[in-house]
Amino acid sequence: MTRYNRRDRYYQKAKDDQYAARSVYKLEEIDRRHRLIKQGHNLVDLGSSPGSWLQYLSKAVGKKGVIVGYDLVEPSVNPGPQARTFVASVDELTPERVQADLQKARQEIVGLSGAPLVDGLVSDMAPKLTGVRDADQVKSVGLATQALLLAEALVRPEGYFVAKLFQGREIDELVLGVKRVFAEVKMLKPEATRDGSREAFIIGRSRRPLA
Ligand SMILES: C[S@@+](CC[C@H](N)C(=O)[O-])C[C@H]1O[C@@H](n2cnc3c(N)ncnc32)[C@H](O)[C@@H]1O
């Protein structure tokens, strides 16, 4: 099957499966290969609209788990019973704000009080493309770096991190940063990624103990 047909297949499959976007199959592949998301997990999803990752995560964490999602725009679908969404840029987010949102969401959805541990932070954030490849790439690494800073502050020991980035300049520094926080680091270009795209995902597992 050619890349084109495969691309078409994912688009159609997302429609058939009632997911908001084909992006869900990237997360599904990451999760299948790395076995990250478990029932009861408390998660942060950055760049969460139109909402397909939230739909997937909401099922994956089950009735005891919670996800807080942030994006510049509202999701276009119901993100699922375990998720709460907020319109916000990652620039505005502080670890304290995210922790407070998660705590409130967990209280409302699961009925548990107290500060939840964050099991994982995932980011599918992508800049608005300008067509200038280098500029777009640098912006994408910037977004992944902001995601890493939040993950470093929030994710519990042994927890995980997933972030989209466009491969190219400045990626080495980001990879080093992820390695500093997570003991196992891998890159993955999922099958559902568009042909010719430099998009890949960096995956950090086993968050190192807090200093
Ligand atoms: C590829 S889409 C995410 C798709 C989503 N994971 C899904 O499955 O439906 C990338 C998203 O990143 C968001 N984004 C870009 N810059 C952002 C920022 N500074 N803060 C938060 N979200 C941002 C965009 O608004 C866009 O919705």
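## Asp45 and strand S1

In this predicted model, Asp45 counts as buried, because 28 C-beta neighbours lie inside 10 Å and the threshold for that class is 20 or more. The residue belongs to strand S1, which spans 42-46. Beyond residues up to four places away in sequence, Asp45 touches Trp53, Leu54, Leu57, Ile67, Gly69 and Val122.

A further relation across the sequence concerns Gly120. Asp45 and Gly120 are 75 residues apart along the chain, and their C-alpha atoms are separated by 8.8 Å.

## The nonpolar core

The largest nonpolar core comprises 53 residues, and the members touching the most other members are Leu57, Leu121, Ala147, Ala151, Phe161 and Ala163. Helix H5, residues 133-154, supplies the largest share of this core, with 8 residues. Leu57, listed among these highly connected members, is also one of the residues touched by Asp45. As a general background, nonpolar side chains in soluble globular proteins tend to be buried together.

Which residues does Ala147 touch, not counting those up to four places away in sequence? They are Leu46, Val90, Leu121, Ser123, Met125 and Ala163. Two of these partners, Leu121 and Ala163, are themselves among the core members that touch the most others.

## Packing of helices H4 and H5

Helix H4 covers residues 95-109, and its axis comes within 10 Å of the axis of H5, with a crossing angle of roughly 65°. The crossing is right-handed. On the H4 side the contact is made by Pro95, Val98 and Gln99, and on the H5 side by Leu150, Ala153 and Leu154. By class, the residues of this contact divide into 5 nonpolar, 1 polar and no charged.

## Surroundings of the ligand

The ligand has 24 residues around it, of which Ser23, Gly47, Ser52, Trp53 and Asp124 come nearest. Helix H3 (52-61) and strand S2 (66-71) are the elements that give two or more residues to this shell. The composition of the shell is 14 nonpolar, 7 polar and 3 charged residues.

Some of these residues recur elsewhere in the model. Trp53, one of the nearest to the ligand, is in contact with Asp45. Ser52, likewise one of the nearest, is in contact with Ala20.

## The H1 to H2 region

Tyr10 is located in helix H1, residues 3-16. Is this residue buried or exposed? Tyr10 counts as buried because 22 C-beta neighbours lie inside 10 Å. Leaving aside neighbours within four places in sequence, its contacts are Arg22, Tyr25 and Ala192. By contrast with these contacts, Glu184 lies 29 Å from Tyr10, C-alpha to C-alpha, and the two are 174 residues apart in sequence.

Ala20 occupies the loop between H1 and H2, and it counts as buried because 21 C-beta neighbours fall inside 10 Å. Outside its neighbours within four places in sequence, Ala20 is in contact with Pro50, Gly51, Ser52, Gln55, Pro75, Ser76 and Val77. The C-alpha atoms of Ala20 and Pro50 are separated by 5.9 Å, although the residues are 30 apart along the chain. In helix H2, residues 24-34, the buried residues are Val24, Tyr25, Lys26, Leu27 and Ile30. Tyr25 is thus both a buried residue of H2 and a contact of Tyr10.

## Backbone exceptions

Most residues other than glycine have a negative phi, and most peptide bonds are trans. Three places in the backbone are relevant here. The peptide bond from Ser49 to Pro50 is cis, with omega near 5°, and Pro50 lies in the loop between strand S1 and H3.

Arg35 is not a glycine, yet its phi is positive, about 50°. The residue follows H2 and sits in the loop between H2 and S1. Arg35 is exposed, because 10 other C-beta atoms lie within 10 Å and the class requires 12 or fewer. Ser206, which is also not a glycine, has a positive phi of about 55°. Ser206 is found in strand S7, residues 199-207, and counts as partly exposed because 14 C-beta neighbours lie inside 10 Å.

Methods. Residues are numbered from 1 along each chain as its sequence is written. This is a predicted model: local features need pLDDT of at least 70, side-chain atom pairs count only at pLDDT 80 or more; totals for chains, interfaces and linings use all residues. A nonpolar core is a set of buried Ala, Val, Leu, Ile, Met, Phe, Trp, Tyr and Cys residues joined through C-beta atoms within 7 Å. Helices (H or I, at least four residues) and strands (E, at least two) are DSSP runs, numbered from the N terminus. Two residues are in contact if their C-beta atoms, placed from the backbone, lie within 7 Å. A residue is near a molecule or strand if its C-beta atom, placed from the backbone, lies within 6 Å of it. Ala, Val, Leu, Ile, Met, Phe, Trp, Tyr, Cys and Pro count as nonpolar, Asp, Glu, Lys and Arg as charged, and the others, Gly among them, as polar. Axes are lines fitted to C-alpha atoms, for helices over the stretch in contact, and angles run from 0 to 180 degrees between N-to-C directions. A crossing is left-handed if the near helix is turned anticlockwise from the far one by less than a right angle, and right-handed if clockwise.
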